[in-house]
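User: Could you take me through some of the labels used for this structure, and show how each one follows from its definition?

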Amino acid sequence: MAFNIDFYNPCDQEKWDDFILNKSMNGTFLQTRKFINYHPEERFKDCSICIRKGTELVAVVLACEIIDEGKKTFFAHKGTTFGGISISRNVYTASAINEILEGLVSFIKENGFEKIYLKMVANIYQKENTDLLDYFLYKYGFTTYNELNYYLPLEKYKEDVSAPFTSSKRRDYRYSLKSGFTFKKLETKEEIAEYYSVLLKNLEKLGLHAVHSLEDLYDLKFNRFDDRIEFYGVYHESKMVAGSMLFYFDNNIVHTQYLSSDEEYLKMFPMDFLIYNLIQTAVDKNMKTFSFGICTEDQGRYLNLGLSRFKEGFGTEFCINRSYEKTL
């Protein structure tokens, strides 16, 4: 075999992060060790993989070991949105990808895993197209799951942010202007804590729990990615009633994380006011794409049509987030 496959060693952290950010076709900061290490070491059992050609790192897979349906599972990765195979342009040929996939599946199986689950990076976040990976995952018998991702191409929002909105969404936004809302970037820990309270209240209403603790958000923002993470809030008479966390990716992509609003103010349309201003902020920063995230659950089998209609009102387009599963 032309490729050497082994588990990640923490001494390779600097090389890993350099590969993800500067040498891979499809890596994002969400696959860096700098990002994933905000999780306490005991939260996940790391089983990430490095693939080399000679001494050159040519692919990595950020992953953790879990038990899924009683099976020891190689899962890439529970601690981040995407965690699939990050690949180098230097080995992006059919023969090389074929050999890498064959070797990867064999290596994972030889190490006692009974299942593989890969959450691949969606096309809109990739620096270059990696359809070869999708083909060979299909070739090697992986089952595909498709989540529906919503995004806005910001070119059409430059002249007038609300122009691509549906008529009803423009009406809702105009109504929000009568409510005396103000929009603000959140800079301090106290402001982020206030936003987190709105988030928890929103999640509780939905019967959900926050993936991140408040301390996680502080760590990500102030210790790790101050230049890639921002928070914004909407206020009504000095009380925060809506907010969002933003992730900034390469290729001028901004992604909304944890869009939340106080249900008591629902009829005043604070979320419409928030999203309008987030889009305007992205346009002002010369971003190209505004990602809304998914509206699907249960590996894409269930589509939340109410949430879909809400996002579509802002003029969304669609792409697929793909995950792959294989029983060994």
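Analyst: The turns below take the terms in order, beginning with the basis of the model. This is a predicted model, in which local features need pLDDT of at least 70 and side-chain atom pairs count only at pLDDT 80 or more, while totals for chains, interfaces and linings use all residues. Residues are numbered from 1 along each chain as its sequence is written, and side-chain values use heavy atoms, with hydrogens and water left out.

User: What makes α3 oblique to α4?

Analyst: Helix α3 (residues 94–110) and helix α4 (residues 131–139) pack at an angle of about 50°, with their axes 10 Å apart. Angles under 35 degrees count as roughly parallel, over 145 as roughly antiparallel, 65 to 115 as roughly perpendicular and the rest as oblique, and therefore α3 is oblique to α4. The axes are lines fitted to C-alpha atoms, for helices over the stretch in contact, and the angles run from 0 to 180 degrees between N-to-C directions. The helices themselves are DSSP runs (H or I, at least four residues), as strands are (E, at least two), numbered from the N terminus.

User: Which residues of α3 and α4 meet?

Analyst: With contact meaning heavy atoms within 4.5 Å, A94, I97, N98 and L101 in α3 meet L132, L133, F136, L137 and K139 in α4. The residues of this contact divide into seven nonpolar, one polar and one charged, where Ala, Val, Leu, Ile, Met, Phe, Trp, Tyr, Cys and Pro count as nonpolar, Asp, Glu, Lys and Arg as charged, and the others, Gly among them, as polar.

User: Why are β1 and β7 described as standing at the edges of the sheet?

Analyst: Two strands pair if DSSP finds at least two bridges between them. Four strands form an open sheet in the order β1-β3-β4-β7, with antiparallel pairing. In that order β1 (4–7) and β7 each have a single partner strand, so one side of each is left without a neighbour in the sheet. The twist averages 25° from one strand to the next.

User: How do you know that β4 pairs with β3 and with β7?

Analyst: Five bridges join strand β3 (residues 49–53) to β4, and three bridges join β4 to strand β7 (residues 85–87), which satisfies the requirement for pairing in both cases. Between β3 and β4, R52 stands opposite L57 and C50 stands opposite V60, while in β7 the bridge partner of A59 is I87. β3 and β4 also form a hairpin with two residues between them, and G54 in the turn has a positive phi of about 70°.

User: Why is Y258 called buried, and why is N252 called partly exposed?

Analyst: Buried means under 20% relative accessible area, exposed over 50%, and partly exposed in between (1.4 Å probe, protein chains only). Y258, found in strand β13, has a relative accessible area of 15% and is therefore buried, whereas N252, in the loop between β12 (239–249) and β13 (253–261), has 31% and is therefore partly exposed.

User: What makes the backbone at N252, Y258 and H77 worth a remark?

Analyst: Most residues other than glycine have a negative phi, and most peptide bonds are trans. Phi of N252 is near 60°, a positive value in a residue other than glycine, and Y258 has a positive phi of about 60° although it is not a glycine. The peptide bond from A76 to H77 is cis, with omega near -5°, and H77 lies in the loop between β6 (71–76) and β7.
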